[in-house]
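Visitor: Please take a close look at one residue of this protein, and then set that residue against the chain as a whole.

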Amino acid sequence: MPNFKPLVFSGVQPTGNLQLGNYLGAIQRWVALQNDYDCIYCVVDMHALTTNPLPEELAQHTREVAATFLAAGIDAQKHIVFNQSRVFQHAELAWVFNCIARIGWMKRMTQFKEKAGHDREQASLGLLAYPSLMSADILVYRATHVPVGGDQKQHLELARAIAQKFNNDYSRRISSLKIGIEIQCVKKTETVFFPIVEPLISTTSMRIMSLRDGRKKMSKSDPSDLSRINLVDTADDISRKIRKAKTDFAPLPETEKGLETRPEASNLIGIYAVLANMDKNTVLAEFGGKKFSDFKPALVELIVEKLGPIASELRRLKQDPSYIDCVLKEGAERASALAEKTMKHVRDIVGFS
């Protein structure tokens, strides 16, 4: 029985320089996934419009994020790197999905509630509906897998619900056109058009927190540059930020349990553990009982070792915007060809002549 060809899709909004949390939470995994899957990696500049960016900054940030993909090791020849707005089929499928999804589904999205705040009547329609576009981003390529973190699981569940409803609503049409794929369900075989996408959840990833407040996520939008390690930071920048990182006065504990009430200590130990491919207890076996003044230099050395080559290549690529534009253009052409194959069938399915 034929099945959907495994394909990974993921994207990042172009909202400024990416930082250590973006790298460890997403891009590092994307690089590794290239070994096992065909991958499509997208700079989702259409999503960025929900934040009302300045046009000049949006174009610049789009290039910067694409350059980061390449500097981190994503192979744009073997896989596809592009920016979303170059492939109009994303928006076309999003409208179809807007007519499949339900307003109640959108209003339940946690990120909409957080970003819209108390005055939701003044929120943009794009902010409410962007999860539908996110579903289209994935399904316009009939992608089968998406690497996700904890804050993205709800959006992936929505994509699965939209795909399922589309398959159900148009099941007879899909079967009559003979353009679906048969899948074995619990009690019967069904013919579907869109796959029910599966999450790729890392068992080793952790949430990277602010260097100034271990209870807040590290963010490129934080007003304090000392709160984060940017991927373009020099060795001196990294040393200064880790040296100034908030800590407490107690020595490091001997085991991970001792970190439970020490968010800043837990964050720094966690960063070391992820970069060194260890667990926290292994790190603490080496540094437990020592002061932060002993641990921080070792952490700086490790961060510089891991990020230094990426930062150097990123600075080089940022000096050649025409090359980045060429990568995005070629990637968009390849992505468009795949997306159009899907949309030709979708137009037939829904009855567009």
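**Glutamine 164 and its setting**

Guide: Glutamine 164 is partly exposed, because its relative accessible area of 32% falls between the limits for buried (under 20%) and exposed (over 50%), taken with a 1.4 Å probe and protein chains only. This is a predicted model, in which local features need pLDDT of at least 70, side-chain atom pairs count only at pLDDT 80 or more, and totals for chains, interfaces and linings use all residues. Residues are numbered from 1 along each chain as its sequence is written, and side-chain values use heavy atoms, with hydrogens and water left out.

Glutamine 164 sits in helix H8, which covers residues 153-169. The protein has 14 helices and seven strands, numbered from the N terminus as DSSP runs (helices H or I, at least four residues; strands E, at least two). From glutamine 164 to isoleucine 201 the C-alpha distance is 21 Å, with their positions 37 residues apart in sequence.

As for the whole chain, 47% of its 353 residues count as buried. The radius of gyration is 22 Å, which agrees with the value near 20 Å for a compact globule of 353 residues; the radius is taken over C-alpha atoms, and the globule rule is 2.2 Å times the number of residues to the power 0.38. The C-alpha trace spans about 70 × 50 × 45 Å along its principal axes. Among contacts (heavy atoms within 4.5 Å) with a separation of 6 or more, 76% join residues 24 or more positions apart.
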